[in-house]
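Thank you for sending this model for a second look. My comments are set out below as numbered points, to be read with the structure in view.

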Amino acid sequence: MIDDDAQFIIDEGVFGVGSPGSGSWPASRERSGVVMGAVQSGKTASMLAVIAKALDAKVDAVVVLAGTRTALWQQTFERLVSQLDTLDQPWSRRVFVPNRAVLNRGQQAPDLATLYALTGPLGRKAVSGRLPIVAVVMKNVFHLERMAATLRKSVFPAAAQRGDPFHILVIDDEADDSSILDAVTEARTGVSLADTKQVPRRIADLWEARTSPGETSQANLYATYIAYTATPQANFLQDASNPLAPRDFAISLRTPGPRGEIVPRSPSYTDAAGLRSWYTGGDMFYRSLSSVPLCRTEDPPEEVFGNALRAFLVGSAVRLWRAPERIGPYSAREHRFGTQAEALSSFAAPGSMLIHPSSAKDDHFDVAAQVLAWSDGSDRREARARIDAGQRELSVEGIQAQIDDEPEKWQGWMREFADAAHRCYTALSLPDEARVPGIDDWDEIRRLLLQEVVPGTQLAVINSDETADDRPDFEPSLVGGSWGPPPNHSTIFVSGNVMARGLTLEGLTATLFTRHSDTPLADTQMQMQRWFGYRGSFIELCRVFLTPGQLELFSAYHEADEALRRDIMAAMNQPGGPSKAVSVLQGYNFAATGKIANVTPVAIWPEATPFIRHMNTPESDSNNAEVVADLLLRGYDVVSAKDGRDLGLILREDLDLLGTAELLDSLTYRDHGPGTSGRDSKRWQSLANHLGLTAQDSEYPLYRAPFVPDGIDLGSNSPYAIAAYLRAWSAALSRRAPGLVTTDPPFGPWSLVDLQQRAAARPHFRVALRFGRGPHVASGPLANLGHPVRTMEREVTATGALRDTWGSRGSAGTHVSDAEASERYPGDEYIDYFARGEPVPVRGSWGSARPPGEPGLVLFHPIAHKNKSFSLAVGLSLPLGGPDQVSAVPTEDLP
């Protein structure tokens, strides 16, 4: 599947409009897009496959932007070299920058000019001989500046001399980290683009000239920029004029799992190899295996720390028990092997625990001290002094005393893991149940704990502090010509932001996540979920300890992530290939990203009582009058007040959700009609993607607005937007769409609601025409109803819109008897209850909204104009109980 996805990226991304110079490229000779992976899912393997295929397709130069830290940059460089240089004499096939020999000198790192050097003769030889140039560049202003200088000096002149198209491919790993440019905000502050955030501008300098931004620096230079990331929220939300914005394509990588289709593409695909090969991400942790549960929120605060540590230590012993032929982490310290392959096959697999307390570096050292103090019963201040002095070992004696004093706390995890194995077996329909020791095996588990796991486990504090420990290393170590165990064979990591991106913790079984944020950001916290990955071989041993609120947030991030992925997949499955028309979701209690300012949350729910104040001029409103008249002629009742005054007419029959949507869509306006190809249509198409709607569904398309040239934008106050919402409600009654939440408290994910119950409570809508005290309608469709219609005298603005909305506020919301309800007018929002002699639901905690299960209302208002003419305004009252979805929308895009 990596190969298939890589080929798709080549065909639809790198060469999506044909070969450079074919005439179908944009005038700028630039194309940009995004490739969305999943957290810890193997994006690097995809990048390497794309690079290899790009070189096979005769791309002239590939520049890989490999992170903002030296370790990650060097790791990417070495991995790229090892993957590409598998044949003899690799120098005859491509030119590497930096030169591998420069990095392997075993001395102090060279200056940047030397690091990224490519002499003029070598550059000319490579270009003229069509040897591809492959560069791995740190995402740092100075590194980027030197690479751009090398291209301008040694490569592009040779390309111009060669004469034919020269194609450069720039692949930006972790592209939402340092590569985002918030041009809108910067423009408002009056600061020039070139003087603000330097990294994105320096990236564009690789193919553009500062003197002519927005196009490549020379006529025969063609550039493709691909942003690789698992969290592309900011990439999509940044202004489209920014040079790195994904303007031309969006592609989502697929992950292996227990379900999914290959054609048409879906976020996951069925992998018959089984659980060991499946990606274990949000779907596993928050949905499929929620009954295990893998995420624990019920531990008492005073117990959660010890429970998490015991879960890791016992889980590590279980993994050793399953592989008795392997050498455990303590015994491994005395073993050496002649080759790396022998070491890999002999040592037990690495095991890890992560404690993520906060972003504050000092907190990391304090928590490490807390682990030491827990292991030996010492004072935490004294333990902190030992941490500062470099001690990282757990106390075997102290933990042995804990095991002997309270064995049930340790044995309890054996029972829980056994139960989890059975639940995983059932939930995932596995062919076999994972092997877990029983209580009869306790003596062996205790031995492994005290002889291998505890003495072989170290603490590691990973942050940017100069006294912090080295970055994780899970590969066998080469010492004195022989291969020993990995430096991090069994490790309890304490970390924060450093662990939130780009680093994989091998064998991670236990995570204690106590971090709290007052302004949670989906993209940032998605990257913190390092427990995702390929952990199927020990998934029943995995646990994440966190608060209920944090689990709710992580689950919501997963829903929004899945919705975005569905958007991209739907676009990829359509004729014409990928599209950038996607919705970035956020929630009531979290934002999509903090990297882009001036982003506004926009909900699909039109609120409880939306009112369409916009009106036609009287002479252009005949269609709307005819729509209302034709409907009422099906049969109506007169609504009369106690004093005998007629208040209006109400349709005897009720309309269902789709019928009400059709009614709203049948209204027309001379100066409003967004059409089905604009911003609003794309947003509703995005929701249709999330719902999985196709042309065969009666609700599809959700949005059916007519097109009126140069019309005004009413946004969510458009009848067509409300109609789209009602169709979405209808569709959601039989689908568990990601990213949807309920409109009734307690607000929760739609994926967890009882759909049968929701469908039984689906609303029907009553339709009424309100009378006023103005002139009678003397002509037109409403004059032929068989009952006189009096217009309403309400103030109209200079633009022809109704100034106010609902009128005649009455007694709604108070406890009244059925008899009183038939006499006291509750207000226009509840005219239907008054007409039917029904009590108005008490508002209480619902506010002004109708409770779930109640009917809705569509109330037309004939507003008087001069010369006894009129036009119609319309208000609605929607019950709660439907779906909602919140999108992050750049403020500039709002009406």
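The points below go from the overall fold to the sheets and then to the aromatic side chains.

1. The coordinates are those of a predicted model, and what follows should be read with that in mind. The protein contains 27 helices and 28 strands, and its C-alpha trace spans about 105 × 80 × 50 Å along the principal axes. For 895 residues a compact globule would be expected to have a radius of gyration near 29 Å, and the 32 Å found for the protein agrees with that expectation.

2. Burial and contacts add to the overall picture. Of the 895 residues, 57% are buried, and residues 24 or more positions apart account for 73% of the contacts that have a separation of 6 or more. The protein exposes about 36200 Å², of which carbon and sulfur atoms supply 49%.

3. The sheet that I would inspect with most care is an open one of six strands, in the order 20-26-25-24-22-21, with mixed pairing. Its edges are formed by strand 20 (611-612) and strand 21 (636-640), each of which pairs on one side only. The mixed character can be followed at strand 24 (residues 765-770), which runs parallel to strand 25 (residues 856-864) and is joined to it by five bridges, whereas strand 22 (residues 646-651) pairs with strand 24 in the antiparallel sense over three bridges.

4. The register around strand 24 can be checked residue by residue. On the side of strand 25, Val 767 has Val 858 as its bridge partner, and Leu 769 stands opposite Phe 860. On the side of strand 22, Gly 648 stands opposite Arg 770 of strand 24.

5. How many of the residues of strand 24 are buried? Six of its six residues are. In a regular strand the side chains alternate between the two faces of the sheet. In strand 24, Phe 765, Val 767 and Leu 769 point one way while Arg 766, Ala 768 and Arg 770 point the other way, and all are buried. The two arginines, Arg 766 and Arg 770, are thus part of the buried set, and a colleague going through the model may wish to look at their surroundings.

6. Strand 7 (residues 249-252) is likewise covered on both faces, with Phe 249 and Ile 251 buried on one side and Ala 250 and Ser 252 buried on the other. Strand 1 (residues 30-36) runs parallel to strand 7 and is joined to it by four bridges, and within this pairing Met 36 has Ser 252 as its bridge partner.

7. A further open sheet consists of three strands in the order 18-28-19, with antiparallel pairing. Strand 18 (585-586) and strand 19 (599-603) each have a single partner strand and stand at the edges, so one side of each is left without a neighbour in the sheet. Strand 18 pairs with strand 28 (residues 886-890) over two bridges, in the antiparallel sense, and Leu 585 stands opposite Ser 887 of strand 28.

8. Turning to the aromatic side chains, the count comes to 23 aromatic pairs. One of them is the edge-to-face pair of Phe 77 and Phe 96, with 6.0 Å from centre to centre and 70° between the planes. This pair links distant parts of the chain, since Phe 77 lies in helix 3 (residues 70-84) and Phe 96 in strand 3 (residues 95-97), 19 residues apart. Both Phe 77 and Phe 96 are buried.

9. Phe 513 and Trp 531 form another edge-to-face pair, at 6.1 Å centre to centre and with 80° between the planes. Here too distant parts of the chain are linked, with Phe 513 in strand 16 (residues 508-513) and Trp 531 in the loop between helix 19 (522-527) and strand 17 (543-545), 18 residues apart. Phe 513 counts as buried because its relative accessibility is 2%, and Trp 531 counts as buried because its relative accessibility is also 2%. Both belong to one aromatic cluster, together with Phe 285, Tyr 286, Phe 532, Phe 554, Tyr 557 and Phe 590.

10. Finally, two contacts between arginine and an aromatic ring deserve mention. The charged end of Arg 319 sits over the ring of Phe 538, 4.3 Å from its centre, and Arg 435 lies over the face of Trp 321, at 4.3 Å from the ring centre.

Technical notes: Residues are numbered from 1 along each chain as its sequence is written. Side-chain values use heavy atoms; hydrogens and water are left out. Rings of Phe, Tyr and Trp (its six-membered ring) pair if their centres lie within 6.5 Å; planes under 30 degrees apart count as stacked, over 60 as edge-to-face and the rest as tilted. Buried means under 20% relative accessible area, exposed over 50%, partly exposed in between (1.4 Å probe, protein chains only). A charge sits over a ring if NZ of Lys or CZ of Arg is within 6 Å of the ring centre and within 35 degrees of the ring normal. The radius of gyration is taken over C-alpha atoms; the globule rule is 2.2 Å times the number of residues to the power 0.38. Contact means heavy atoms within 4.5 Å. Accessible areas come from the Shrake-Rupley method with a 1.4 Å probe; for residues, only the protein chains shown count as cover. Two strands pair if DSSP finds at least two bridges between them.
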